[in-house]
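Work through the exercises below with the structure open. Each task is followed by a worked solution.

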Amino acid sequence: MLSNSRLVIVFESGYNQIGEPILKTKSFNNIKTGATNEQLKAVADALIPLQGWMPYQVDRANTYALDL
């Protein structure tokens, strides 16, 4: 059973000395488990311009409870 969802947005905030991207992660916890991926994408699309960095990746992290 799905017990928790989290929206994770990874941003590229620059480059290090050898040209690799520097990544920053913003997590939004306690997302409604019934939210669809399309709804989370719409939220991410609204939040990304507010951050000031280039988006690198958008993820949904789900936690499931195992029945014992």
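**Exercise 1. Find the aromatic pairs, then classify and place what you find.**

Step 1. Keep in mind that this is a predicted model. Count ring pairs whose centres lie within 6.5 Å. The count comes to one aromatic pair.

Step 2. Identify the partners. They are F11 and W53, with ring centres 5.9 Å apart and 55° between the planes.

Step 3. Classify the geometry. Planes under 30 degrees apart would be stacked, and over 60 edge-to-face. The F11–W53 pair is tilted.

Step 4. Place both residues. F11 sits in strand β1, residues 2–15. W53 sits in the loop between α1 (37–51) and β3 (54–64). The pair therefore ties together parts that are 42 residues apart in sequence.

Step 5. Check burial. The cut-off for buried is under 20% relative accessible area. F11 has 0%, so F11 is buried. W53 has 31% and is partly exposed.

**Exercise 2. Search the whole structure for salt bridges and describe the result.**

Step 1. Recall the principle. Side chains of opposite charge can pair when their charged atoms come close.

Step 2. Run the search. The whole structure yields one salt bridge.

Step 3. Name the partners. K41 pairs with D45, and their closest N and O atoms are 2.7 Å apart. The cut-off is 4 Å, so this distance passes.

Step 4. Locate the bridge. Both K41 and D45 belong to helix α1. They are four residues apart, about one turn of the helix.

Step 5. Check exposure. D45 has a relative accessible area of 41%, which makes D45 partly exposed. K41 is partly exposed too, at 44%.

**Exercise 3. Describe the fold and the overall dimensions of the chain.**

Step 1. Count the elements. The protein chain has one helix and three strands. From the N terminus, the order is β-β-α-β.

Step 2. Compare the radius of gyration with the globule rule. A compact globule of 68 residues would come near 11 Å. This chain has 14 Å.

Step 3. Read the box. Along the principal axes, the C-alpha atoms fill roughly 50 × 30 × 15 Å.

Step 4. Look at burial across the chain. Of the 68 residues, 16% are buried.

Step 5. Turn to the surface. The chain exposes about 5,100 Å². Carbon and sulfur atoms supply 54% of that area.

Step 6. Finish with contacts. Take those with a separation of 6 or more. Residues 24 or more positions apart account for 62% of them.

Notes: Residues are numbered from 1 along each chain as its sequence is written. This is a predicted model: local features need pLDDT of at least 70, side-chain atom pairs count only at pLDDT 80 or more; totals for chains, interfaces and linings use all residues. Side-chain values use heavy atoms; hydrogens and water are left out. Rings of Phe, Tyr and Trp (its six-membered ring) pair if their centres lie within 6.5 Å; planes under 30 degrees apart count as stacked, over 60 as edge-to-face and the rest as tilted. Helices (H or I, at least four residues) and strands (E, at least two) are DSSP runs, numbered from the N terminus. Buried means under 20% relative accessible area, exposed over 50%, partly exposed in between (1.4 Å probe, protein chains only). A salt bridge is a side-chain nitrogen of Lys or Arg within 4 Å of a carboxyl oxygen of Asp or Glu. The radius of gyration is taken over C-alpha atoms; the globule rule is 2.2 Å times the number of residues to the power 0.38. Contact means heavy atoms within 4.5 Å. Accessible areas come from the Shrake-Rupley method with a 1.4 Å probe; for residues, only the protein chains shown count as cover.
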